[in-house]
Amino acid sequence: MTTLHDRDRRGFASDNYAGLHPEVLAALADANGGHEIAYGEDAYTARLQEVVAGHVGEGAVTWPVFNGTGANVVALQALLPRWGAVVCADTAHINTDEGGAPERMGSIKLLTVPTPDGKLTPELVDRQAWGFGDEHRAQPLVVSITQTTELGTCYTPDEVKAIADHAHSLGMRVHLDGARISNAAATLGTDISAFTSEAGVDVVSLGGTKNGALAAEAVVVVNPELAADPGLGIVHVRKLSMQLASKMRFVSAQLIALYEGDLWLRSASHANAMASRLAAGVGSLDGVTIQRPVQANAVFAVLDRDVANALREKFRFYDWDPATGEVRWMCSWDTQESDVDAFVAELTRLLGS
């Protein structure tokens, strides 16, 4: 088959644009051939349990799924009764970018809280964590945080622990949307356990796709007591939510390739470094205002709309807030220094700097 795209073209729109990491692609080939039991009773999914538990703690159970929205919806449905609700930041992916899937597919009420940086705090959680026992109010029973956040910020382990301790004191569970969990760990210089199991998080949506995999995510029940509870029902919720892969070995093999060694960290560290290089290159340009510190692989900036549109003729990226002229530039595992330097040079030319 003829390749239909330019393999040398890379932009700054999304880390979802990047292809598969060669090591992940090789893992898919290695998993191919012969017959393996379908629907998760395969050797790769069994091995994945050990690999992920090595990052988040003994007793964790991992449930592979196809995508991040699916992981979030499956996790939250399992954690909530029909009358339950989720407290989250108003910028959370489950609120802004999942097409209403938590509400439509999961019948989940989202109780949102405005935040200055995309991060919740115990005090912000309390803005919605009230009315327990009130039959007229959806019951706030889960706090969902995103690591890294949609604004590119990163929770420290202490910040996550403060939220988890507070939520648990109220009888709530804690879910962490980890679509870019590897980027957060790379920023913090810690393993994933530091801001999941060690911080008291109950369930994690473990990301793979944005870090070099293909349709490979997972719901990880971190809390051993919760993982051992048959009433959690993820085995049923995953199927009901159309997230059960028949040939699951190919999802699990990718996640093993990422997390068994250090590929997850190497790839995320590189993407973060490219974002830092990009921010440093444009930060001093007249006409560009970096909106917040670059803590992972995203750069948010404000610039003239006409300049942004001209820049988009060579490098694709998205508006974040059209009203203010804020845009988002994302770096990926395969972003090259030459990509960043060419972007900076073109923006410099357009600004006449």
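Axes here are lines fitted to C-alpha atoms, for helices over the stretch in contact, and angles between N-to-C directions run from 0 to 180 degrees. With that in hand, the helix packing in this predicted model can be walked through pair by pair, starting with helix 12.

Helix 12 (residues 263-282) and helix 14 (residues 337-351) bring their axes within 10 Å of each other, crossing at roughly 20°. Since angles under 35 degrees count as roughly parallel, that makes helix 12 roughly parallel to helix 14. The crossing of these two helices is right-handed. On the helix 12 side, the contact is built from Met274, Arg277, Leu278, Gly281 and Val282, while helix 14 puts in Glu337, Val340, Asp341, Phe343, Val344 and Leu347. Sorted by class, this contact holds 7 nonpolar, 1 polar and 3 charged residues.

Helix 12 also has dealings with helix 8 (181-188). Here the axes come within 8 Å and cross at roughly 75°, and helix 8 and helix 12 are therefore roughly perpendicular to each other. Helix 8 uses Ser182, Asn183, Ala185, Ala186 and Thr187 to meet Trp264, Leu265, Ala268, Ser269, Ala271 and Asn272 of helix 12. The class count for helix 8 against helix 12 comes to 6 nonpolar and 5 polar residues, with no charged ones.

Leading into helix 8 is a loop from strand 5 (173-178), and Arg180 sits in that loop. Despite being an arginine, Arg180 is buried, at a relative accessible area of 14%; the cut-off for that label is under 20%. Leaving aside residues up to four places away in sequence, Arg180 touches Asp15, Gln147, Thr148, Lys210, Asn297, Arg328 and Met330. Two of these contacts, Arg328 and Met330, belong to strand 11 (residues 326-330).

Strand 11 is part of an open sheet of 4 strands, ordered 8-9-11-10 and paired in the antiparallel sense. Strand 8 (289-290) and strand 10 (318-321) are at the edges with a single partner strand each, so one side of each has no neighbour in the sheet. Helix 12 turns up again at this sheet: it lies across strand 8, strand 9 (298-302) and strand 11, and runs at about 20° to strand 9.

At the strand 10 edge, strand 10 and strand 11 pair in the antiparallel sense over 3 bridges. The two strands form a hairpin with 4 residues between them, and Gly325 in the turn takes a positive phi of about 85°. Asp321 has Glu326 of strand 11 as its bridge partner, and Tyr318 stands opposite Arg328 of strand 11. Arg328 is thus also one of the residues touched by the buried Arg180.

A further helix pair involves helix 1 (residues 22-31) and helix 11 (residues 249-259), which pack at an angle of about 140° with their axes 8 Å apart. That angle makes helix 1 oblique to helix 11, given that the roughly antiparallel label needs an angle over 145 degrees. Helix 1 passes helix 11 in a right-handed crossing. The residues that meet are Glu23, Val24, Ala27, Leu28 and Ala31 from helix 1 and Arg249, Phe250, Ala253, Gln254, Ala257 and Leu258 from helix 11. By class, that contact has 8 nonpolar, 1 polar and 2 charged residues.

Conventions: Residues are numbered from 1 along each chain as its sequence is written. This is a predicted model: local features need pLDDT of at least 70, side-chain atom pairs count only at pLDDT 80 or more; totals for chains, interfaces and linings use all residues. Side-chain values use heavy atoms; hydrogens and water are left out. Angles under 35 degrees count as roughly parallel, over 145 as roughly antiparallel, 65 to 115 as roughly perpendicular and the rest as oblique. A crossing is left-handed if the near helix is turned anticlockwise from the far one by less than a right angle, and right-handed if clockwise. Contact means heavy atoms within 4.5 Å. Ala, Val, Leu, Ile, Met, Phe, Trp, Tyr, Cys and Pro count as nonpolar, Asp, Glu, Lys and Arg as charged, and the others, Gly among them, as polar. Buried means under 20% relative accessible area, exposed over 50%, partly exposed in between (1.4 Å probe, protein chains only). Two strands pair if DSSP finds at least two bridges between them.
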